[in-house]
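Trainee: I have a structure open in front of me and I would like to learn how to read it. Could you take me through some of its features?

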Amino acid sequence: MTKGGMESVEVFTSEGKGRGLKAQKEFLPGDVIFAEPAYAAVVFDSLTHVICHTCFKRQERLHRCGQCKFAYYCDRTCQRAAWLNHKNECSAIKKHGKAPTENVRLAARIMWKIEREGSGLAEGCLVSIDDLQNHVDSFGEEEKKELRVDVESFLEFWPSQSQQFGMQFISHIFGVISCNGFTLSDQRGLQAVGVGIFPNLCQANHDCWPNCTVIFNNGNHEAVRSMFHTQMRIELRALSKISPGEELTVSYVDFLNVSEERRKQLKKQYYFDCACEHCKKQIKDDLMLAVKEGESKPSAETVKEVIQFSKDTLEKINKARMEGLYHEVVKLCRECLKKQEPVLGDTNVYLLRILSIASEVLSYLQMFEEAADYAKRMVDGYMKIYHPNNAQLGMAVMRAGVTHWHAGLIEAGHGLICKAYAILLITHGPSHPITKDLEVMRVQTEMELRMFQQNEFMYYKMREAALKNQKIQVMPEPSNETSPSLFHKKE
């Protein structure tokens with residue numbers, strides 16, 4: 001079954017997994033298998049005034065919709081592009097007096113689109129909205145309660161003059177959002193800013209060690225001529241060589257968890273038991289549970305104590321981060337590392353989590369030398385665990401490279417930035433804003449490295465002068481999220 005722009009994939013029934021996607025031709029690492037615009041998408045409630053409602057970019061100054069005073073846009077181009085989807089929403093918000101929650105807004109956008117186009121196969125879609133899975137029957141008590149609240153809010157918001165839908169169909173749409181809502185990020189990929197529905201992407205099954213990755217591209221409206229504009233979309237990209245007839249898989253969760261934990265998370269969030277090779281054979285679990293080897297090998301009791309201490313510390317860290325107490329976070333990380341270092345191995349997942357938080361927060365506090373040391377150890381551990389073309393690995397290596405550059409460690413910084421660039425060329429592609437940023441950094445650090453190799457003393461003098469004259473590029477404020485799941489799901 002193929003449709004506009006989808007000629008290279010087909011939907012098939014996969015044994016024990018329901019529908020899936022498979023390749024119709026060969027793909028090489030970095031190839032775009034397909035790009036898909038959102039069927040419907042909304043900005044998160046907490047960010048509606050700082051993120052453009054069309055392209056989901058974060059901007060300093062946004063134009064507000066003069067009618068509903070709720071929607072914000074980069075400029076007139078984005079506002080015009082939004083009108084078809086915003087028109088009904090705009091008058092409903094005015095009538096309702098306020099905007100409802102993100103789930104209700106997304107459900108309403110989906111249903112207005114169905115009202116306009118019908119619920120059959122939309123152009124370029126392999127599957128209709130009616131046929132997407134909703135898993136409502138698997139919902140627990142808490143989820144059923146949330147569903148009832150959403151449906152009630154929706155009925156209050158939905159205008160009487162619009163097409164009326166039955167309760168079962170409304171529940172189906174909320175179920176679809178719950179298990180198929182894809183997380184959208186800002187243009188730097190640093191923060192989850194919204195949620196969208198992409199019917200074709202929903203057909204790709206999960207594998208903890210997938211052959212594809214999904215990247216969100218905010219599109220580009222900067223060119224003077226509109227023929228060069230690109231729309232917001234997701235791209236399914238190959239991570240390794242894929243043969244015709246091979247199933248296309250993506251990972252719904254971060255790999256940086258032992259197989260038992262990943263399986264629990266997948267069962268809880270997506271209602272299936274993962275039977276991928278890495279889970280069945282518990283591949284890489286030994287690395288993620290590694291303890292110090294040799295004469296001073298710790299006892300099982302000591303390991304258990306340190307892991308419990310790490311779990312407790314991570315909870316305290318989350319609380320301190322939520323409150324913006326970053327010096328407290330650093331103190332907690334240092335205490336935890338002191339306990340972990342004699343006991344846990346270099347690839348232990350609890351050690352890596354603390355190293356990641358410590359390097360991110362110390363960078364934000366501009367304590368770059370200590371941050372660089374932790375970032376280096378984190379990246380060394382990640383390299384042994386992650387797939388070599390993993391997007392999260394690429395982003396982590398990029399952050400480590402920038403931290404090293406800030407710490408004045410130009411050789412290591414340039415090496416890490418080159419490594420990150422090689423990964424992101426495959427996972428994000430050369431035209432993605434993040435890859436373009438990285439290319440600028442790569443060129444700059446290469447130039448600085450040459451200067452450093454020619455005359456170290458002069459290099460440091462010039463660097464000092466340059467940093468005095470320019471505001472230091474401060475690292476983004478640490479986010480309170482661990483790496484987001486592929487699909488947006490309330491924990």
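Mentor: We will go through a few helices, the ways they pack, and some single residues. Keep in mind that this is a predicted model.

Trainee: Let's begin with one helix. How many residues does α10 have, and what distance does it reach?

Mentor: Helix α10 runs over residues 349-364, which is 16 residues. From its first C-alpha to its last it reaches 23 Å, close to the 22 Å expected at 1.5 Å a residue.

Trainee: How many of the residues of α10 are buried?

Mentor: A residue counts as buried when its relative accessible area is under 20%. In α10, 13 of the 16 residues are buried, so the helix is largely enclosed by the rest of the structure.

Trainee: What caps the N-terminal end of α10?

Mentor: That is Asn348. One of its side-chain oxygens lies 2.9 Å from the backbone nitrogen of Tyr350.

Trainee: And what comes just after α10?

Mentor: The general idea first: most residues other than glycine have a negative phi. Gln366, just after α10, takes a positive phi of about 65°, although Gln366 is not a glycine. This residue sits in the loop between α10 and α11 (368-385). Gln366 has 38% relative accessibility, so it counts as partly exposed.

Trainee: Where else can I find a positive phi on a residue that is not a glycine?

Mentor: Look at Lys69, with a positive phi of about 60°. Lys69 belongs to the loop between β5 (63-64) and β6 (72-73). With a relative accessible area of 44%, Lys69 is partly exposed.

Trainee: Now for packing. At what angle do α10 and α11 pack?

Mentor: The angle is about 145°, and the two axes are 8 Å apart. The crossing of α10 past α11 is left-handed. On the α10 side, the residues that meet α11 include Leu351, Leu355, Ser356 and Leu362. Among their partners in α11 are Phe368, Tyr374, Met378 and Tyr382.

Trainee: Why would residues spaced out along a helix be able to point the same way?

Mentor: An α-helix has 3.6 residues a turn, so residues three or four places apart point the same way. As a single case to look at, take Ser356, which is found in α10. Is it buried or exposed? Ser356 is buried, with a relative accessible area of 18%. Leaving aside neighbours within four places in sequence, Ser356 is in contact with Met378 and Tyr382.

Trainee: How does α8 cross α10?

Mentor: The axes of α8 (residues 300-322) and α10 come within 10 Å and cross at roughly 25°. An angle under 35 degrees counts as roughly parallel, which means α8 is roughly parallel to α10. The crossing of α8 and α10 is left-handed. Residues of α8 such as Ile307, Leu314 and Ile317 are among those that meet α10, where the partners include Tyr350, Arg353 and Ile357.

Trainee: You mentioned Arg353. With which side chain does Asn257 make a polar contact?

Mentor: With the side chain of Arg353, at 2.6 Å. Asn257 is located in the loop between β12 (247-250) and α5 (259-270). At 17% relative accessibility, Asn257 counts as buried. Leaving aside neighbours within four places in sequence, the contacts of Asn257 are Arg262, Gln265, Met288 and Arg353.

Trainee: What about a pair of helices that is oblique?

Mentor: Turn to α2 (residues 102-117) and α4 (residues 167-180), whose axes come within 10 Å and cross at roughly 120°. That angle makes α2 oblique to α4. The crossing is right-handed. The contact is made by residues including Ala107, Ile110 and Met111 of α2, and Phe169, Ile170 and Ile173 of α4.

Trainee: Which residues does Met111 touch?

Mentor: Not counting residues up to four places away in sequence, Met111 touches Phe154, Trp158, Phe165, Phe169, Ile170 and Ile173. Met111 is in helix α2, and at 0% relative accessibility it counts as buried. Met111 and Ile170 are 59 residues apart along the chain, and their C-alpha atoms are separated by 8.7 Å.

Definitions and conventions:
Residues numbered from 1 in each chain as written. Predicted model: local features only at pLDDT ≥ 70, side-chain atom pairs only at ≥ 80, totals over all residues. Heavy atoms only, no water. Helix = DSSP H or I, 4+ residues; strand = E, 2+ residues; numbered from the N terminus. Buried < 20%, exposed > 50% of the residue type's maximum accessible area, 1.4 Å probe, protein only. Polar contact = N/O pair within 3.5 Å; in protein donor to acceptor, adjacent residues only side chain to side chain. Contact = heavy atoms within 4.5 Å. Expected span 1.5 Å × (residues − 1). Axes fitted to C-alpha atoms, helices over the stretch in contact; angles between N-to-C directions. Parallel < 35°, antiparallel > 145°, perpendicular 65-115°, else oblique. Left-handed = near helix turned anticlockwise from the far one by under 90°.
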